[in-house]
Amino acid sequence: SNPFEVKVNRQKFDILGRKTKNDVGLPGVSRSKAIKKRNQTLLKEYKERDKTNVFKDKRFGEYNTKITPEEKMIRRFALERQQNYGKKSIYNLNEDEELTHYGQSLAEIEKLNDIVDSDSDTEERGALSAELTAAHFGGGGGLLRKKVSSEQQDEEEEKPKSRKELLEELIAKSKQEKQERQTRRESALELTEKLDKDWKEIQTLLAHKTPKSERKDKEAEKPKPDEYDMIVRELGFEMKAKPSERLKTEEELAKEEQARLQKLEADRLRRMHGEDEEANKKRPSHVSADDLADGFILDKDDRRLLSYKDGKINIENEEEKEEEEGEEEDNENGEESQEESVSENEEDDAADSHSDLESDLESEEEAAGNKEEEKHKANENESQNVEKLDPKREAAKSELPYTFAAPESYETFKSLLAGRTIEQQLIILERIQKCNHPSLAVGNKAKLEKLFGFLLEYVGELATLDVPELRTIDKLVLPLYNLCQMFPEAASDSIKFILRDAAHDLEEVIEVKGRATFPDLDTLIYLKIVSLLFPTSDFWHPVVTPAFMYMSQLLTKCRITTLQDVIKGLFICCLFLEYVSLSRRFVPELINFLLGVLHISVPKSQAQGYTVVHPFTLVGKNSELLLVCDKEDLKSWEKQNVPLSIVTRLKETSRTEINHTRLSCLALCFDLIKKCAALYESLPSFHEIMHPVRILLTQHMPVNEYPEKMQEWYHSALKELENKVKHYTPLICEKKKPVPLKQYTPKIVKVLEFGRKQAGSKKEQERKQLIQRHKRELKGAIREIRKDNQYLARMQLSEIMERDSARKRKVKELLGSLATQEGEWKAMKRKKWKN
């Protein structure tokens, strides 16, 4: 054996007393055994792979010893019948029906009982019967011949009729039958007419009504309908469900709306230009003399509906319609007659022109006069028509167009809305959206996104006017919302751009001046629009969160110097409460600002038991900005909402109105405190947060000087603060397991036995053993399959080499035989030349 092929199984550790198997493996022995086994099994199967000389009995139950021979035969017979039945019944359409031919069954005809066998041993051998010859050799004249039975031929022997006589007899018979049918038809018509006349005479007798007593008796005799019959009759009157139309997609609806608006715009332009559509429709089109009117279509239903009015047929509506149609036809006929008269005059002039020179001159003068009169009449008619159409034209011009192109710049957008009422502006914006829907064209999406920015800019411009148009802005929020729903990303980008600019402006002013003022009305309205367009309850939102931060900066960094600043701050507080109404997020800037508003509405003579934060100060110039000392103004005050538009016109108002506005701001502050108490009652530190507000309300607020309505607002806010029970749990540190002291006791760890799989239970160990055994067997099977494939490849290669060697050997033999033949032929040729 080759020493390099000897496989040695070495172990890492030598263990005493352990017997090892296959320490040294000789590959030659195992390989020879495997080759012998493959030669006996795999090679045999490979050589017999294409042979089919093995007989296999495929009959049912042949190799099944559990079935008796009788059962085998019964089952085989059933399978055979089943196979035959399936094959024959493919084209058998009518198995149960009996097919006939001339009244005789085909089954009986196929038996051929009527045919006389010429080979039969009868007395009349070789003779055919008369019926057989008539059936098979009679030709096509069998229908015209007279059929006479054999008995009549024996009794009276007459000559057969000729073909002509038979045809005449047949024609006479058909005429007779036709005459009989006609007489029967005439008699039936006479009888029906007679019955109709008799029925009309009897009908007058049957017309009189039966007396009521007889009717009641008959009704009493009739059985009353059952409950079941009543329910069945009621079911007939129930409403039945009708199939609804398919819901149209957004693209289909947009296309239909665009087509409708385009049609309306075309009608408006036609009316504006004074064109009459009905006249154009009713003009007679030129019809050729060869036209057969093959494409005639009935456009309308000319049938009249029968109606009665006061017991008489209502014909007025029909007569009016006929008169209108007649007037239209007369107008058309009048126009045609005028055209015909003009053409006749021209023909007459042409005919007279062939006379002498004087007649020519006269005819020219007359023609000129006629033309002037016709022009004068035409001008009069046109002026009358223009007078009639002028109001229609003016109405069409004043009407809004139905189609609008999307504006490309803010100037064009502003020109579209300039001088329009708010209703007209909303209609224009709606039509712009419908005519430029994103599904109608490729670039419409970008145009409508621009429209959202233009609309935001327009809203800001309306807010910055001397008299801000807040009602118009309120109406324009709806198209803003629709566009935001269509393009949320573009809308959020536009509003984020506005908020970013406002925040940068605020930071720049603070850096330069050290203090900032509240923004203008347009920025406040933008903050209000944010709450209407986007969800304010999200934990983080790309638009609402920046707006939230910006409003908190306004409440903390903008100083309160005027009453307008107080109104703007209270408006931001209202927005804060609107933002956090669902999320209940705590806003400390809101509580601090309300505390500051209460602080500037109380006198500063008494000691203070609370602290205020920026932008409010305990003592200063504006520390009593909302304090009202005039008793007359206190008495004359009435509760009213503080309008946002008062910010622009507060300087023009009188002192009394200013004091009333201060009191309204204080009442609004009480209301906001009440809402904050209801919103933040579940906070653990609610009482600590609202403690300064409670102290200021109870100890420093001059309640007795305020009017009764103000006192009611004060007491309701204070009651809301004091009635909140402490239902929260106090803050306590979490209980933790005490950390034990370090000890020097040894930590015992179980050492696993090396080389063995440890498991928790016996089942788990058996499962792991099975998995390991399956892996080992799988590897062994793959190895054996690989060796089998290599063995088959070697066998195939040896076969190919044997075939190649045999082919080479045969080729050499053939070439050698050819060489010997060539040598013999050359030798014979040399002998011939020598001879």
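How many helices and how many strands make up the secondary structure of the protein? The answer is 28 helices and six strands, where helices (H or I, at least four residues) and strands (E, at least two) are DSSP runs numbered from the N terminus. The model is a predicted one, in which local features need pLDDT of at least 70 and side-chain atom pairs count only at pLDDT 80 or more, while totals for chains, interfaces and linings use all residues. Residues are numbered from 1 along each chain as its sequence is written, and side-chain values use heavy atoms, with hydrogens and water left out.

We can begin with the overall picture. The protein has 835 residues, of which 23% count as buried; buried means under 20% relative accessible area, exposed means over 50%, and partly exposed lies in between (1.4 Å probe, protein chains only). The exposed surface of the protein is about 67100 Å², with 53% of it supplied by carbon and sulfur atoms; these areas come from the Shrake-Rupley method with a 1.4 Å probe, and for residues only the protein chains shown count as cover. A contact here means heavy atoms within 4.5 Å. Of the contacts between residues at least 6 apart in sequence, 70% join residues at least 24 apart.

Helix α20 (544–557) offers a handy geometric check. Its expected span is 1.5 Å times one less than its number of residues. For the 14 residues of α20 this gives 20 Å, and the end C-alpha atoms are 20 Å apart, so the two agree. The buried residues of α20 are Val544, Ala547, Phe548, Tyr550, Met551, Ser552, Leu554 and Leu555. Their cover includes α18 (488–513), α19, α21 (563–579) and α22.

Just ahead of α20 comes threonine 536, in the loop that joins α19 (521–533) to α20. Is threonine 536 buried or exposed? Threonine 536 counts as buried because its relative accessibility is 17%. Beyond its neighbours within four places in sequence, threonine 536 is in contact with Ser531, Val544, Glu578, Tyr579 and Ser583. Val544 in that list is also one of the buried residues of α20. The side chain of threonine 536 reaches the backbone oxygen of tyrosine 579 at 3.3 Å. A polar contact is a pair of N or O atoms within 3.5 Å; within protein, one must be able to donate a hydrogen and the other to accept it, and residues adjacent in sequence count only if both atoms are side-chain atoms.

Two further buried positions sit in helices. Histidine 599 belongs to α22 (residues 588–599) and is buried, with a relative accessible area of 0%. Residues up to four places away aside, histidine 599 touches Lys604, Tyr610, Val612, Thr617, Leu618, Ser623 and Leu696. Leucine 462, in α16 (residues 444–463), is likewise buried, at a relative accessible area of 6%. Its contacts, apart from neighbours within four places, are Pro468, Glu469, Thr472, Ile473 and Leu476. The C-alpha atoms of leucine 462 and aspartate 522 are separated by 8.1 Å, although the two residues are 60 apart along the chain.

Turning to charged side chains, the count comes to 18 salt bridges, each defined as a side-chain nitrogen of Lys or Arg within 4 Å of a carboxyl oxygen of Asp or Glu. Asp57, Arg59, Glu62 and Arg76 are linked in a network of these bridges. Within it, arginine 59 pairs with aspartate 57, the closest N and O atoms being 3.0 Å apart, and also with glutamate 62 at 3.2 Å, N to O. Arginine 59 counts as partly exposed, given its 46% relative accessibility, and glutamate 62 is partly exposed at 29%, whereas aspartate 57 is buried at 17%.

Another salt bridge joins glutamate 257 and arginine 260, with the closest N and O atoms 2.5 Å apart. Both residues lie in α10 (residues 250–272), three residues apart, about one turn of the helix. An α-helix has 3.6 residues a turn, so residues three or four places apart point the same way. Glutamate 257 counts as buried at 18% relative accessibility, while arginine 260 is partly exposed at 42%.

Finally, Val811, Leu815 and Leu818 make a nonpolar surface patch of about 270 Å². Patches are made of residues with over 30% relative accessible area and no salt bridge, with like charges joined within 9 Å and nonpolar side chains (Val, Leu, Ile, Met, Phe, Trp, Tyr) within 5 Å. Leucine 815 lies in α28 (residues 762–834) and counts as exposed, at 53% relative accessibility.
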